[in-house]
Amino acid sequence: MRRKDFLWGSATAAYQCEGAWNLDGKGEGEWDYFNHTSPLNINNVSGDVACDFYHHYKEDIDMLAAGGQNTFRFSISWARIMPEGRGRVNQQGIDFYNSVIDYCLEKGVVPNVTLFHYDLPLTLAEEGGWARREIVDDFTEYAKVCFKAFGDRVKIWVPINELRYYSYCSNMVGNYPPNHSLDFDRFFKTVYHEVLACAKAAIAYRKMGCDGQIGIVHDNSNVDLAPETKEKERIRIIANLFYNDLVLDTALKGTLPGNLIPFLQENGIDWSYIRFEDAVTFEKGKSDFLGLNVYNRMYLTDYSEGETEVFHNNRGAGSKKKEGIRIKNWFETTVDPTTKRNLWGREIYPQCMYDALMEIKNKYGDIPIYITENGHGMYEKADENGNVEDDERIDMMQGYIDKMLEAMDDGVDVRGYYAWSTMDLYSWINGFEKRYGFVRVDFDDDNKRYPKKSYYWFKKLIEDYQKGAE
Ligand code: NOJ
């Protein structure tokens with residue numbers, strides 16, 4: 001592909017940036033309810049206002065276009081389009097996204113649109129959310145409404161963001177609503193209904209004669225084993241089933257992983273919801289591309305001892321916990337003493353960008369790939385002029401981008417890169433203190449925007465890339 005056609009941009013998600021939680025006919029979402037009522041909202045903040053993208057979208061799109069970015073990834077709030085999750089369509093919701101999309105196009109920015117980024121309408125959540133098979137049809141109806149309303153202008157679609165990670169947090173860690181902990185039945189069931197929903201949405205998209213591409217976004221979880229690991233092959237198989245295969249095999253090969261049902265059976269995990277006729281849906285509903293959110297790998301070794309336990313750090317510098325899990329008789333995460341971690345206990349490992357891309361090429365062939373997220377969460381302080389010198393973010397992201405370019409040189413078909421995030425926003429259970437943006441938002445002063453050092457670094461990186469030899 002020509003250098004000027006490569007997409008360079010940044011990403012956001014509806015609940016994390018829009019605010020306007022109850023404006024212009026939007027229905028209540030599961031996260032609205034959770035943040036307003038649950039003691040598990042440990043930072044006691046919400047996305048009620050977030051960074052108020054709802055009223056600042058022009059400024060944000062202006063800013064990213066002026067920074068040389070030619071694409072913007074954002075998500076649509078299901079409850080803003082269908083306040084009850086199904087049935088009635090809220091025209092004011094349609095109008096808002098029409099304005100965002102039209103403004104992107106006016107500025108020469110390609111919209112890359114996700115339909116579901118963790119934010120379920122409350123009515124559907126109360127019925128059982130993703131654990132109910134019926135949600136697949138509700139989601140397909142919602143997807144069709146969006147394809148019809150926006151499909152003439154949006155040509156890159158993602159039905160669901162991070163299917164596995166969303167299910168992991170909601171059903172294993174328990175830090176996202178509906179806050180189930182270590183519930184393997186619900187974990188697999190949720191991912192299954194999500195992959196089915198993605199496949200059905202892709203089928204509907206093609207049936208409607210839309211002419212863009214539809215894919216999925218997976219949270220990269222390539223498996224690396226610590227050298228001392230004894231049961232390497234066994235762990236690799238189990239860990240890939242747990243982290244990757246259900247999403248990637250259905251989306252990229254159009255089949256369920258062959259060893260999934262025997263594995264669930266052997267481990268006493270519910271698989272009653274898997275229907276053999278779904279095979280046709282998976283076959284017809286394959287993705288046109290893979291979106292990969294690249295932050296870290298899964299660094300694993302043999303299970304040692306003790307009960308299954310999740311280690312998760314939503315307290316940042318206030319906790320020494322390292323992100324991971326121990327699953328009895330399967331495997332456990334371990335620490336590579338040579339790598340760094342962010343203050344939330346997540347490993348920083350640029351090499352995983354290269355390794356993951358090569359692994360996908362080897363397993364699934366030459367599928368087009370977008371890096372739909374990559375970024376670095378930090379505590380930040382502005383100087384007296386409002387500037388943030390985020391050199392740590394720049395160093396870290398440069399490392400990952402170099403590895404992406406190396407994989408492209410080695411034949412991986414990467415078509416775009418999206419930094420997380422366009423501007424500072426609400427970082428789910430981590431609240432507002434964990435910042436990712438290229439643009440600082442002063443949450444205490446009318447959500448004013450100030451480009452950070454990384455914003456200018458990214459602008460120059462894009463310019464240099466575009467000037468390079470074809
Ligand atoms: C993945 C998610 O898609 C996004 O919502 C989240 O805030 C970032 N990663 C950063 O953790």
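## A tour from the sheet to the ligand

Begin by selecting Ser10, which stands opposite Ala419 in β16. What you have on screen is a predicted model, and this pair of residues is a convenient place from which to start.

Widen the selection to residues 7-11, which form strand β1, and to residues 414-420, which form strand β16; these two strands pair in the parallel sense over five bridges. In general, the strands of a sheet pair through backbone hydrogen bonds, in either a parallel or an antiparallel manner.

Now display the rest of the sheet around β1 and β16. It is an open sheet of nine strands with parallel pairing, and reading across it gives the order β5-β4-β3-β2-β1-β16-β15-β8-β6. Which strands stand at the edges? They are β5, at residues 213-214, and β6, at residues 216-219; each has a single partner strand, so one side of each is left without a neighbour in the sheet.

Return to β16 and step from Trp420 to Ser421, where the peptide bond is cis, with omega near 10°. Ser421 belongs to the loop between β16 and β17, the latter being strand 439-442.

Trp420 also leads to the next stop, since it is listed among the residues around the ligand, together with Gln16, His117, Tyr118, Asn161, Glu162, Asn293, Tyr295, Glu373, Trp428 and Tyr436. Sorted by class, this shell has five nonpolar, four polar and two charged residues. Select the ligand itself, and note that the space it takes is the largest pocket.

Three side chains deserve a separate look here. Gln16 places a polar side-chain atom 2.7 Å from an oxygen atom of the ligand, and a polar side-chain atom of His117 likewise lies 2.7 Å from a ligand oxygen atom. For Trp428, an N or O atom in the side chain is 2.8 Å from an oxygen atom of the ligand. How much of the ligand does the protein bury? Taken alone the ligand exposes 290 Å², and the protein buries 92% of that.

For the last stop, move to the loop between α8, at residues 163-173, and α9, at residues 184-207, where Pro178 lies. A cis peptide bond joins Pro177 and Pro178, with omega about 10°. Asn179 is found in this loop between α8 and α9 as well, and its phi is near 60°, a positive value in a residue other than glycine. As background to these details, most residues other than glycine have a negative phi, and most peptide bonds are trans.

Conventions. Residues numbered from 1 in each chain as written. Predicted model: local features only at pLDDT ≥ 70, side-chain atom pairs only at ≥ 80, totals over all residues. Heavy atoms only, no water. Near = heavy atom within 4 Å. Polar contact = N/O pair within 3.5 Å; in protein donor to acceptor, adjacent residues only side chain to side chain. Areas by Shrake-Rupley, 256 points an atom, 1.4 Å probe, with all protein chains shown as cover. 1 Å grid on protein atoms, 1.4 Å probe; cavity = no way out; pocket = protein on both sides within 12 Å on 5 of 7 lines; lining within 4 Å. Sits in = over half its atoms within 2 Å of the grid points. Nonpolar A, V, L, I, M, F, W, Y, C, P; charged D, E, K, R; others polar. Pairing = 2+ DSSP bridges. Helix = DSSP H or I, 4+ residues; strand = E, 2+ residues; numbered from the N terminus.
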